[in-house]
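Please open the structure in a viewer and keep the selection tool at hand. The tour below proceeds stop by stop, naming what to select and what is found there.

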Amino acid sequence: MQALYGHAITSNTQGSLVVVAQHPRAPPTPTDPQSTVVVFDFDWTLIDADSDELCVRAVGGDAAVESLRDRYARGGVWCELVAAEIATAFETHDLTLATLAAILKSAPMHPQTLALLRDLRDRGCTVVVLSDANTYFIETILAAYGVRDCVHTIITNPSSLMRTASLREVLAVAPLQGAHDPHTCPRACPSNLCKSAMLQRWLAKGPSQESVRLMSRVLYVGDGTNDLCPMASPGLVDVGFVRHGKSLYRRMVAALQPDNGMPVVESGEWVGPSAVACKAVVWRDGTDLYQFVMAEVDKVTIV
């Protein structure tokens, strides 16, 4: 197949920084000691859906999604399973790029989440998306809502548009990490993405190749189990925002630690300590998220 375009696939066996799709009009890399970096997961965090399942369901129905989940539960790598489903849909002519883009553009985003992205940009915060989706899905959805320029950097599984021998355009997705860039995370992160490793790498280097961690406050917003790793890594995240009722909430907040851990705040009230290494704030929807994140941004904290 011939590559039509790609998204800065720059990982190697030495673990060099993988920076995907830094937007040219995004705010500059922070140099102010009072600046804030806000890291977002994508599925069920920035959007109120799972973009992978949205596309698989649109093509193959609920049965295809259940099959995907079953194979994942039996030890499959999620991004590789999704990539195979999408590739099969292209090959059988059930899916075209135009149809795929239309499906992605239907993904819901809360109005206050959109307002949050715009206000973070206007306040000079550096917004990073760190996700197990892929570049095409994320960029298509953000662009559809007019907020792509609010995001400084996207770190995710790289995707490329390819042309087959029959001149059909298809989407190919590759794992961000793996045999070419393995991680040794002790928290059982998927082989293709340890979010702690990638966030640490970005903070250590930054897109300008200058360290940003010593001069920035880091907020992290997520919902899934793989979002636990960054929040559980000492010194990596200052405040974590945990979506109520999702797998991260069930694993982290429901199992409160009586004698240690950092505080959990739910709806503005202290709940108890958790097993993570940062303060955790529980949110339910975009209205909550806007209020709680902007409250932290308004705090002047030098780290």
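The stops lead from the whole chain to its core, then to two residues of one strand, and finally to two pairs of helices.

**The whole chain**

Begin with the complete model, which is a predicted one. Display it as a cartoon: the chain contains nine helices and eleven strands. Colouring by burial is a useful next step, as 53% of the 303 residues count as buried. Among the contacts in the chain with a separation of 6 or more, 65% are between residues 24 or more positions apart.

**The nonpolar core**

Next, select F40, L100, L120, Y136, F241 and V293. These residues touch the most other members of the largest nonpolar core, which has 58 residues. Which element gives this core its largest share? Helix α2, residues 78–91, does so with six residues. A second core, of 26 residues, lies apart from the largest one; V37, L130, L199 and M231 are among its members.

Now centre the view on F40 and show its surroundings. Leaving out residues up to four places away in sequence, F40 touches T45, L46, L116, L117, L120, V127, V128, V129, L130, V221 and L289.

**Two residues of strand β3**

From F40, move to V129, one of the residues it touches. V129 belongs to strand β3, which covers residues 126–134. Is V129 buried or exposed? V129 counts as buried, because its relative accessibility is 0%. Show the C-alpha atoms of V129 and D41: they are 5.8 Å apart in space, although the two residues are 88 apart in sequence. Beyond its neighbours within four places in sequence, V129 is in contact with F40, F42, L46, I138, V151, T153, I154 and I155.

Remain in strand β3 and select S131, which also lies there. S131 is buried, with a relative accessible area of 1%. Residues up to four places away in sequence aside, S131 touches D41, F42, I138, I155, T156, N157, L193 and K195.

**Helices α1 and α2**

Two packed helices are described by the angle between their axes and the distance between the axes. Select helix α1, residues 51–73, together with α2; the two pack at an angle of about 135°, and their axes are 10 Å apart. That angle makes α1 oblique to α2. The crossing of α1 and α2 is right-handed.

To view the contact, show D52, E53, C55, V56, V59, L68, R69, R71 and Y72 of α1, which meet W78, L81, V82, E85, I86 and A89 of α2. Coloured by class, the contact of α1 with α2 has ten nonpolar and five charged residues, and no polar ones.

**Helices α4 and α9**

For the last stop, select helix α4, residues 111–122, and helix α9, residues 286–297. Their axes come within 8 Å and cross at roughly 20°. Helices α4 and α9 are therefore roughly parallel to each other. How is the crossing of α4 and α9 handed, left or right? The crossing of α4 and α9 is left-handed.

Show the side chains at this contact. Helix α4 contributes Q112, T113, A115, L116, D119 and L120, while α9 contributes G286, T287, L289, Y290, V293, M294 and V297. By class, the contact of α4 with α9 has eight nonpolar, four polar and one charged residues. Two of the residues shown here, L120 of α4 and V293 of α9, were also selected at the core stop, where they are among the residues that touch the most other members.

Terms used:
Residues are numbered from 1 along each chain as its sequence is written. This is a predicted model: local features need pLDDT of at least 70, side-chain atom pairs count only at pLDDT 80 or more; totals for chains, interfaces and linings use all residues. Side-chain values use heavy atoms; hydrogens and water are left out. A nonpolar core is a set of buried Ala, Val, Leu, Ile, Met, Phe, Trp, Tyr and Cys residues joined through side-chain atoms within 4.5 Å. Buried means under 20% relative accessible area, exposed over 50%, partly exposed in between (1.4 Å probe, protein chains only). Helices (H or I, at least four residues) and strands (E, at least two) are DSSP runs, numbered from the N terminus. Contact means heavy atoms within 4.5 Å. Axes are lines fitted to C-alpha atoms, for helices over the stretch in contact, and angles run from 0 to 180 degrees between N-to-C directions. Angles under 35 degrees count as roughly parallel, over 145 as roughly antiparallel, 65 to 115 as roughly perpendicular and the rest as oblique. A crossing is left-handed if the near helix is turned anticlockwise from the far one by less than a right angle, and right-handed if clockwise. Ala, Val, Leu, Ile, Met, Phe, Trp, Tyr, Cys and Pro count as nonpolar, Asp, Glu, Lys and Arg as charged, and the others, Gly among them, as polar.
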